[in-house]
Amino acid sequence: MAGITSIIESCRIKRNRPEYIPGRIPDSTYVRILDTTLRDGEQAPGAAMTRDQKLEVARQLVKLGVDIIEAGFPSASKEDFMAVKMIAEEVGNLTDDDGYVPVIGGVCRCNEKDIATTWEALKHAKRPRILTFIATSPIHMELKLRKSKDQVLEIARDMVKYARSLGCTDIGFAAEDAARSDREFLYQILGEVIKAGATTLTIPDTVGIAMPFEYGKLIADIKENTPGIENAIISTHCHNDLGLATSNTIEVVMALTCRGNDILGGLHTRINTRHILKTSKMVEKYSGLHLQPHKALVGANAFLHESGIHQDGMLKHRGTYEIISPEDIGLDRSVGDTIVLGKLSGRQALRNRLEELGYKLKDTEVESVFWQFKAVAETKKRITDADLRALVSNEALDAQPIWRLGDLQVTCGTVGFSTATVKLFSIDGSMHFACSIGTGPVDSAYKAINHIVKEPVKLVKYTLGAITGCMDATATTSVEISHEDMNHPIFSGTGGGTDVVVSSVEAYLSALNNMLRFYQ
């Protein structure tokens, strides 16, 4: 058992965060996490947040345990300036559970006005960082900046010096579109900004074009060939245009958390993974951008299992199909909660869920419910607990019906009468047909049934409700009937299904069968 759970347990090992020193990480196995949600994330179309929302996200990032919060682009607008300033003043002096105060960064172009504005927004943080950038690829320098290599190099060097002159001792420099830049020029400009005072070098794959092996070699070559690289930290920044870059820090963190000790030389972070889900949901809410259900870790389907084979394994031991415990990212969920009942589910998963709901059924009863469950699952994507209760109430616990529904067809609308054609099977297997008109599809169906059964029945109460949400909700119908002589007792019945009229007919037949059995 220890071997099975080793990966899950390794996800829970926590190591100390080394002292924060600009330009150097005392522990060579420690990976600093810079979160760019409030800057690069907000650049996604439609993802804008208010300053108060940004402040709340920043507070949550402290709880998450990120090392550096990239708070925004202060020179972009007055609103962005105020948001970064608020974050720097409050969150930039906020201590997390480990006693760590996060670095607050502001992004700016390589010009004095932008840099001065950014410093003004950041300067009240305990650990402010100016993050300045300029493009270094031939296509950007020629067609966007319209500048030569020498001009770009001079601007980068001078602006890092200027940022340093303002009193900032933690300066990041980003070579925009580094993945498409000339290597020799890249080594040269990075070396110059280090001499000018840059403590962190960001190497962006701005257009997401690099293959993983290419980007890995780029980082290795920069370490090998950049003068003074030992005095700066290399920061990676990847984009996911071709689906090849890791799209966000959540996945990086969990990969390091779970596999850092096994195959990555002990690499680790100080992220509190139990805040991952809460952070993700907060950003999703404020940005208005919803995650796809299959998003790793935080998507709605991340810890759900519908395949019968997977469900069988999960019921025996969750380690068979889950390498990460849901609780590790802040999701409190039992094994039963991860089992999604659908058309691919097997009898064992159904029986297990019924027992959790309090139904102790015989094998024959489970079999009866199972096939009804399969029929409903063909019309619904997901079967809920409410669906199961309706199925058990309607099918498994009923005695052999005296009358059961064969087929039903109704016509209704604003033109003409509502009509219903009903086919019923009696307990001896014989078929019976009847047609009727009424005030609506349910009324006409009930009248057609009465023509077949030929019992003096009075409808006492009819209740219809959708006990599950969405368009494919299961409708549950409850009816109460009695013999036309009101001195007789009242009999009830329930029906459930995705079709309201069918559910209503099933409820009526259920009550009718109860009444007929009573008199027999």
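**Note on the predicted model: sheets, helices and one buried leucine**

1. **The three-stranded sheet.** An open sheet of three strands runs in the order 8-9-10, with antiparallel pairing. Its edges are strand 8 (403–411) and strand 10 (431–438), each of which pairs on one side only. Neighbouring strands here are turned against each other by 20 degrees on average, direction ignored. This is a predicted model, and the points below should be read as such.

2. **How strands 8 and 9 pair.** Eight bridges join strand 8 to strand 9 (residues 418–426), in the antiparallel sense. To find the register, start at V410: A420 in strand 9 stands opposite. Helix 16 (residues 441–453) packs on this sheet. That helix touches strand 8, strand 9 and strand 10, and its direction makes about 140 degrees with that of strand 10.

3. **Helix 16 itself.** What is its length from first C-alpha to last? The 13 residues of helix 16 reach 18 Å, close to the 18 Å expected at 1.5 Å a residue. Its buried residues are V442, S444, A445, Y446, A448, I449, I452 and V453. Some of these sit three or four places apart, and a general rule applies. An α-helix has 3.6 residues a turn, so residues at that spacing point the same way. After the helix comes K454, which has a positive phi, near 60 degrees.

4. **The seven-stranded sheet.** A second open sheet holds seven strands in the order 1-2-3-4-5-6-7, and its pairing is parallel. Strand 1 (34–35) and strand 7 are the edges, each pairing on one side only. Inside the sheet, strand 3 (residues 103–109) and strand 4 (residues 128–135) run parallel and are joined by six bridges. Two positions fix the register for the eye. G106 stands opposite I130 in strand 4, and V107 stands opposite L131 in strand 4.

5. **Strand 4 and its cover.** Is strand 4 largely enclosed or largely open? Seven of its eight residues are buried, so strand 4 is largely enclosed by the rest of the structure. Helix 6 (residues 149–165) packs on this sheet and touches strand 4 and strand 5 (171–176). The direction of helix 6 makes about 170 degrees with that of strand 4.

6. **Helix 8, length and faces.** Helix 8 (residues 212–225) has 14 residues, which should span 20 Å at 1.5 Å a residue; its end C-alpha atoms are 20 Å apart, which agrees. Which of its residues are buried? They are Y215, L218, I219, D221 and I222. Viewed down the helix axis, these buried residues fall within an arc of 165 degrees, so they line one face of helix 8. The face turned away from that buried side carries the exposed residues P212, F213, K217, K223 and E224.

7. **What covers helix 8.** The cover over the buried residues of helix 8 includes helix 7 (183–196), strand 6 (200–205) and strand 7 (233–238). Strands 6 and 7 also belong to the seven-stranded parallel sheet.

8. **Strands 12 and 13.** Strand 12 (residues 475–483) has seven of its nine residues buried, so it is largely enclosed by the rest of the structure. Strand 12 pairs with strand 13 (residues 490–497) in the antiparallel sense, over eight bridges. The bridge partner of A475 is G497, in strand 13.

9. **L64, a residue to look at.** L64 lies in helix 2 (residues 51–64). Why does L64 count as buried? Its relative accessibility is 8%, and the cut-off for buried is under 20%. Which residues does L64 contact, leaving aside its neighbours within four places in sequence? The contacts are R270, I271, N272, H275, I276 and T279. The C-alpha atoms of L64 and R274 are separated by 7.8 Å, with the two residues 210 apart along the chain.

10. **The chain as a whole.** The protein chain has 17 helices and 13 strands. Of its 520 residues, 47% count as buried. Among contacts between residues at least 6 apart in sequence, 64% join residues at least 24 apart. The L64 contacts with R270 and its companions can be viewed in that setting. The chain exposes about 25,100 Å², and carbon and sulfur atoms supply 53% of that area.

Note on methods:
Residues numbered from 1 in each chain as written. Predicted model: local features only at pLDDT ≥ 70, side-chain atom pairs only at ≥ 80, totals over all residues. Heavy atoms only, no water. Helix = DSSP H or I, 4+ residues; strand = E, 2+ residues; numbered from the N terminus. Buried < 20%, exposed > 50% of the residue type's maximum accessible area, 1.4 Å probe, protein only. Contact = heavy atoms within 4.5 Å. Areas by Shrake-Rupley, 256 points an atom, 1.4 Å probe, with all protein chains shown as cover. Expected span 1.5 Å × (residues − 1). Arc of directions from axis to C-beta. Pairing = 2+ DSSP bridges. Axes fitted to C-alpha atoms, helices over the stretch in contact; angles between N-to-C directions.
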